[in-house]
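Colleague: I've just opened this one and haven't looked at it before. Could you walk me through it?

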Amino acid sequence: MDIAKELGLRIRHFRKKKRMTQEKLAEICCLHPTYIGQLERGEKNPTVESICRIARGLEIPVSKLLENIEAMNHSDNSIPMQVYHLLLTLPPDSQVHIANILSEIVAMQESS
């Protein structure tokens, strides 16, 4: 996974979680809406300043956007990272459902 694309997925995930449009996020961050869209699609590499503005606009720590991002590269095909990437592409309510299902599966495994 390309780092720019991964970061874009994360920005989109947190923006949607806040029920915010690209335009609204851009306005809050003093960035252009087109730039937000390009970032979310992984077409642009953001500056450190842009990442900080976006994190502030999303009311999350910068670390949330960058968490484990160094592990996201073409050679890391581990199952946990694949699941993590897939979860980021889903809407928050679907993520909750999947997390609940996984919790139930783990509990069943532990009780066996």
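Colleague: What pattern does the chain follow, read along the sequence?
Modeller: Read from start to end, the pattern is α-α-α-α-α-α-α, which amounts to seven helices and zero strands. Please keep in mind throughout that this is a predicted model.

Colleague: And what box do the C-alpha atoms fill?
Modeller: Taken along the principal axes, the C-alpha atoms of the chain fill a box of roughly 55 × 30 × 20 Å.

Colleague: Okay, what share of the residues is buried?
Modeller: Of the 112 residues in the chain, 32% are buried. The accessible surface comes to about 7,200 Å², and carbon and sulfur atoms account for 58% of that surface.

Colleague: Which residues are buried in helix α3?
Modeller: In helix α3, which covers residues 33-40, the buried residues are Y35, I36, G37, L39 and E40.

Colleague: What covers them?
Modeller: The cover over the buried residues of α3 includes α1, α2 (22-29) and α4 (48-58).

Colleague: What follows α3?
Modeller: Helix α3 is followed by G42, a residue whose phi is positive, near 75°.

Colleague: Switching topic: at what angle do α1 and α6 pack?
Modeller: Helix α1 (residues 3-17) and helix α6 (residues 79-88) pack at an angle of about 45°, and their axes are 9 Å apart. An angle of that kind is neither under 35 degrees nor within 65 to 115 nor over 145, and therefore α1 and α6 are oblique to each other.

Colleague: Which residues make that contact?
Modeller: From α1 the contact is made by E6, L9, R10 and H13, and from α6 by Y84, H85 and L88.

Colleague: Now the other end. Where is M108 placed, and is M108 buried or exposed?
Modeller: M108 sits in helix α7, which covers residues 92-111. With a relative accessible area of 55%, M108 is exposed, because the cut-off for that word is over 50%.

Colleague: How are M108 and G42 separated?
Modeller: Their C-alpha atoms are separated by 38 Å, and along the chain M108 and G42 are 66 residues apart.

Colleague: How many positive and negative side chains does the chain have?
Modeller: There are 14 positive and 14 negative side chains, and the centres of the two sets lie 6 Å apart.

Colleague: Last one: what share of the contacts join residues at least 24 apart?
Modeller: Among contacts between residues at least 6 apart in sequence, 59% join residues at least 24 apart.

Methods:
Residues are numbered from 1 along each chain as its sequence is written. This is a predicted model: local features need pLDDT of at least 70, side-chain atom pairs count only at pLDDT 80 or more; totals for chains, interfaces and linings use all residues. Side-chain values use heavy atoms; hydrogens and water are left out. Helices (H or I, at least four residues) and strands (E, at least two) are DSSP runs, numbered from the N terminus. Buried means under 20% relative accessible area, exposed over 50%, partly exposed in between (1.4 Å probe, protein chains only). Contact means heavy atoms within 4.5 Å. Accessible areas come from the Shrake-Rupley method with a 1.4 Å probe; for residues, only the protein chains shown count as cover. Lys and Arg count as positive and Asp and Glu as negative; His and the chain ends are not counted. The place of a charge is taken as NZ of Lys, CZ of Arg, CG of Asp or CD of Glu. Axes are lines fitted to C-alpha atoms, for helices over the stretch in contact, and angles run from 0 to 180 degrees between N-to-C directions.
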